[in-house]
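Colleague: I am new to this structure and would like a close look at the empty spaces inside it, together with a few residues that help me find my way around. Please take it slowly and keep the parts connected.

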Amino acid sequence: MCVDGDGCQLEACGSSEEVRTLSGSMSPAALKANPDLHACKPGQKFRAALLRCRSPAAAAGILSFGNVLNYMDRYTVAGVAQDIQKHYEVSDSGVALLQTVFICSFMVAAPIFGYLGDRFNRKAILSCGIFFWSTVTLLSSFIGEDYYWLFVLSRGLVGIGESSYSSISPTIIGDLFTNNRRTMMLSVFYLAIPLGSGLGYILGTSAKVAAGDWHWALRVSPVLGMTAGTLILLFVPEPKRGSADQMGGRIKTSTSWLCDMKALAKNRSYVFSSMASAAVSFATGAFGMWIPIYLARAQVVQKTAEPCGTKEICSSTETLIFGAITCVTGLLGVLIGAATTRLCRQKTERADPLVCAVSMLGSAIFICLIFVVAKKNITGAYVCIFIGETLLFLNWAITADILMFVVIPTRRATAVAFQSFTSHLLGDAGSPYLIGLISDGLRESYATSALWSFLSLGYALMLCPFIIVLGGMFFLATALFFLDDRDKAQDQLSQLSRPSTSVKV
């Protein structure tokens, strides 16, 4: 018999010489002689089975699944953006307002959830956030065409719910793993960003085509979201902060939020990598909203497709292809990024920020080429998107790992949340709306021209490669200070683990 820590009999053991328990092992003779052993009740068996399923790998898998759903829900709206624009009769900047309101509420809520995540039960906050955004998304699919303001407001509420997840879940993974294994698990977790984004486009367009109504695109992800919230409550443990750094249970000192913010502001690697993340967010936010529409307009210019206004539901081909490309490039980018970083760490300890910098600068070149070839050759545009996105997605997990290296465990949730706040504030909170505003301004005098509608959006999107180059410069600046900040974090962690009540931070 196998016995759990409460003295319950669990299952038959594979060896007759030794009985394994959760707290060690016992001989068969000792087992028979123990009068306290008794048969498990059904509830105790369930609890024991539940404990066995709460492995770090299972927790990382569930959290990654939740992150996929987070981004799937976010980009489902982008996948049916043309239909929303037609249904509510709004301009380019009007439909981009959906993403801007979502991101604004997301970034405002992030520091709040970061504060809570460093001090309270993290998985409870995650589950509540998922249940909240799932419910709001489902209800928003029933908003009528005369209430666009209410639909925009609903996206803001969804942003608050999703903010809780993005701010806290990486810190749980950071406390379950360390070193190269943590890099690998964070790579899987951040693979959810492009994978979920791509699946959002595919889900949105597929549900729209299957039902003949774009509203059904918003009625699938909520069911999956509630499932993920339940799995987190049941199977994700709540690790002690700093446990993966071999300090779990020994960190005696916690610092105030103001002290945490002062320390983060002085952390140069953290500041520069956050600015670089903002550049990435600017580009991905603009592309996520506008590239499918830009490619659809390119097809109209090439006379291979009809304008959206002439059909009951808008064309889904470009959105499906872009979604598939985003999924594949996300997988390749994250895997190549993790492998490249691991290899380069053997050559230099500054590998993490240097790999990010090189990938960003390379990405800018191919993204520029998209707008050069799209007018004449749509296939060439897809090839440039594939290479440019692969290089851009290389840095997602690496940036998170940089943060884990240079920030101590007791303020990581705050660091993740504030990095999320700044990257969205300077990045995708305004980029979709800004691109739409520039596009509207450029084509104001030629509103009926399909060619100028296509060109004006392309000219507006040309801002993105320059922002990406700026992000690469910020990663190079991060490389200059990375080693010093990493060593300072290690020193602070050692001080926090001492029994002394006087801690220098």
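Colleague: To begin with one residue before we turn to the spaces, does Glu 89 count as buried or exposed?

Modeller: Bearing in mind that this is a predicted model, Glu 89 counts as exposed, because its relative accessibility is 72% and the cut-off for that class is over 50%. Glu 89 is placed in the loop between α4 and α5, the latter spanning residues 92-117, and its phi is near 55°, which is a positive value in a residue other than glycine.

From that loop we can step back to α4 itself, residues 81-88, since α4, along with α3 and α11, supplies at least two residues of the lining of the second largest cavity. That cavity holds about 60 Å³ of space. Its lining is made up of 12 residues, and those closest to its centre are Ala 78, Gly 79, Ala 81, Gln 82 and Thr 319. Divided by class, the lining of the second largest cavity has six nonpolar, four polar and two charged residues.

The count of cavities of 30 Å³ or more comes to three, and the largest of them has a volume of about 570 Å³. As many as 36 residues line the largest cavity, with Tyr 71, Tyr 190, Ile 193, Ser 281 and Trp 396 lying nearest its centre. Many elements take part in this lining, and those that give two or more residues are α3 (56-79), α7, α8 (179-211), α11 (268-301), α12 (317-344), α14 (378-392), α15 (396-406) and α16 (412-426). By class, 19 of the residues lining the largest cavity are nonpolar, 14 are polar and three are charged.

Two of these helices deserve a further look, and the first is α15, where Ile 398 lies. Ile 398 is buried, because its relative accessible area of 3% falls under the 20% that marks the limit for that class. The C-alpha atom of Ile 398 is separated by 7.3 Å from that of Thr 183, although the two residues are 215 residues apart along the chain.

The second is helix α7, residues 148-176, which also contributes the largest share, five residues, of a nonpolar patch on the surface. The patch covers about 640 Å² and is made by Phe 132, Tyr 147, Trp 149, Leu 150, Leu 153, Leu 157 and Ile 160. Leu 153 is one of the residues in helix α7, and Leu 153 is described as partly exposed because its relative accessible area of 44% lies between the 20% and 50% limits.

There remains an open space to set beside the enclosed ones, namely the second largest pocket, whose volume is about 270 Å³. This pocket is lined by 15 residues, and Ala 263, Lys 266, Asn 267, Arg 411 and Gln 492 are those nearest its centre. The elements giving two or more residues to its lining are α10 (257-266) and α19 (463-496), and α10 provides the largest share, with five residues. Sorted by class, the lining of the second largest pocket has eight nonpolar, two polar and five charged residues.

Methods: Residues are numbered from 1 along each chain as its sequence is written. This is a predicted model: local features need pLDDT of at least 70, side-chain atom pairs count only at pLDDT 80 or more; totals for chains, interfaces and linings use all residues. Side-chain values use heavy atoms; hydrogens and water are left out. Patches are made of residues with over 30% relative accessible area and no salt bridge: like charges are joined within 9 Å, nonpolar side chains (Val, Leu, Ile, Met, Phe, Trp, Tyr) within 5 Å. Accessible areas come from the Shrake-Rupley method with a 1.4 Å probe; for residues, only the protein chains shown count as cover. A salt bridge is a side-chain nitrogen of Lys or Arg within 4 Å of a carboxyl oxygen of Asp or Glu. Helices (H or I, at least four residues) and strands (E, at least two) are DSSP runs, numbered from the N terminus. Buried means under 20% relative accessible area, exposed over 50%, partly exposed in between (1.4 Å probe, protein chains only). On a 1 Å grid over the protein atoms alone, a cavity is a set of points where a 1.4 Å probe fits but cannot get out, and a pocket is an open set with protein on both sides within 12 Å along at least five of seven lines; lining residues have an atom within 4 Å of a point. Grid points are joined across faces, edges and corners, and a volume is the space filled by probe spheres set on the points. Ala, Val, Leu, Ile, Met, Phe, Trp, Tyr, Cys and Pro count as nonpolar, Asp, Glu, Lys and Arg as charged, and the others, Gly among them, as polar.
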